[in-house]
Structure formats: structure tokens, C-alpha cells
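Reader: Could you take me carefully through one part of this model, a single helix and its surroundings, and state the cut-offs behind each term as you go?

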Amino acid sequence: MGKTERTGSGISRRRALWIGGAAVTAVGSAVVASREGLLPGAAQPRTPGAVDQPGAEWIAASSANWRRADRPDDYPIDRVVIHVVQGSYPTALKVFQNPLHAAASHYVVRKDGHIAQVVRELDVAFHAGNRAYNERSVGIEHEGFVDRPESFTTAMYAASARLTAGICRRYGFPADRRHIVGHSEVPGADHTDPGPLWDWDGYLRLVRAELRKKPRTGKA
């Protein structure tokens, strides 16, 4: 996906505010500006370095790789998209910090279970290759390779399941295969991750087990 998302007509949202050299109505402009977080007081409060998942480390992605939003007020969240980096944890962070990469997920999970948050859940990360899915989902990258079973460690599965359970709980959607999907299952996707070695049955058991536990506190 390119760095500039577009409307279905192929006109950028900002350009769509102007038609025939005249601005659209003040009401219409206010709606769009509110969605983009441009109006004072329109967006939810933000704290620099804050994370949505307790225990995650904040490592910011380039602002070119995501779009400011005010989710779930402007775009309801009802999906988690599972990715595999096809590389290392440092590689994922490096490319997400590169403004030319034009993509980033919200989180990266390391083999030992450490989690970095690189985009706030409030915002739309460019991770799924599908605008509608970007707007409705939270993307989780995992260190490793789709064809190397040793990539998917017990610690990684456990940490990722806690993260996904937290997202399900925050936005009130069930832990099932309709709402927790692989990148390869996104409509129009040209990626194969997380691949056939990803243990979906075991992963969903872990997520559901986490949802039965008392929620952790400490969201920033």
C-alpha cells in the first residue's frame, strides 16, 4: 500500500474537501477533519510513549507508515490480523521506522515473548494491504519465518495470545477465526503469512484461556 490512502473514487480524502475549486459545506468538512484528528478536542487524549497493552515497549514507527485516527470512535475495531516478519525482530522495527517502507503493524512480538508497540491502536496502521481491514483491525507481527517451525516459540505464542485477548476484550469482539485472521486471509492480500505452520487451534485455545483470566490493569 502507498503512503497516501485514497477514497473509493481514487480521490484523496484531503483533496475531496474541494470540488470545482470550492470547499464542501462546513458540516462535511468538520466531519472529515474530526476523523483525521484535526479539530481541537476532537481526538482522544494522547500521552507520548503510552502503550495500549500492559507490559509492551513503545518503539514508534515512522508517521509515514500509519494514519492518525480516533478509533474506535471513527472506525470500529473488530479484527486482529496475524503477520510473520520473514525476518528478525530488529529487522521489523527497522523497516517500520523507515518512511519509505509505507507499512507498519501495531505490534511486533519477539521470539522470547517481548512485545513492542509501534503504532497506537487509536490509529490506522498500514499493515493488511486492504484499506477497510486497516481501518477495522489491529496488526500483530511475529519474529520469524513462515517455513521455519522453530520460529513459533512457546513464549511467542503465549505473549501474542495475551495481546490478542487484550485487544478482543478492549473492543468487545469474540476470539474466533472470523475475527482473528492471518494476513493471507485478508481480501486482496498477496502475502502468505503466517503460513501453514502457524498453530491456529493452539493459538485460539491460548487466547480464550487468557480471556477467562482476570484482566490485567495498567493501560497507559
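**A helix and its aromatic neighbours**

Author: Tyr203 has a relative accessibility of 0% and therefore counts as buried, a word used for under 20% relative accessible area, with exposed meaning over 50% and partly exposed lying in between (1.4 Å probe, protein chains only). The model is a predicted one, in which local features need pLDDT (the predictor's confidence in each residue, from 0 to 100) of at least 70 and side-chain atom pairs count only at pLDDT 80 or more, while totals for chains, interfaces and linings use all residues. Residues are numbered from 1 along each chain as its sequence is written, and side-chain values use heavy atoms, with hydrogens and water left out.

Tyr203 belongs to helix α5, residues 200-211; helices (H or I, at least four residues) and strands (E, at least two) are DSSP runs, numbered from the N terminus. The expected span of a helix is 1.5 Å times one less than its number of residues, so the 12 residues of α5 should span 16 Å, in agreement with the 16 Å between its end C-alpha atoms. Its buried residues are Trp200, Gly202, Tyr203, Leu204, Val207 and Glu210, and they are covered by elements including β5 (79-82), α4 (154-171) and β10 (180-182), judged by contact, that is, heavy atoms within 4.5 Å.

The wider setting is an open sheet of six strands with mixed pairing, in the order β3-β7-β6-β9-β5-β10, where two strands pair if DSSP finds at least two bridges between them. Strands β3 (57-58) and β10 stand at the edges, each with a single partner strand, so one side of each has no neighbour in the sheet. Strand β6 (residues 107-109) runs parallel to β9 (residues 137-142), joined by three bridges. Helix α5 packs on this sheet, touching β5 and β10, and its direction makes about 150 degrees with that of β10; axes are lines fitted to C-alpha atoms, for helices over the stretch in contact, and angles run from 0 to 180 degrees between N-to-C directions.

Rings of Phe, Tyr and Trp (its six-membered ring) pair if their centres lie within 6.5 Å, planes under 30 degrees apart being stacked, over 60 edge-to-face and the rest tilted; this rule gives seven aromatic pairs. Phe152 and Tyr157 form a tilted pair, 6.3 Å centre to centre with 50 degrees between the planes. Trp200 and Tyr203 form an edge-to-face pair, at 6.4 Å and 80 degrees; being three residues apart in α5, Trp200 and Tyr203 are separated by about one helical turn. Trp200, at 15% relative accessibility, also counts as buried. Phe152, Tyr157, Trp198, Trp200 and Tyr203 form one aromatic cluster.
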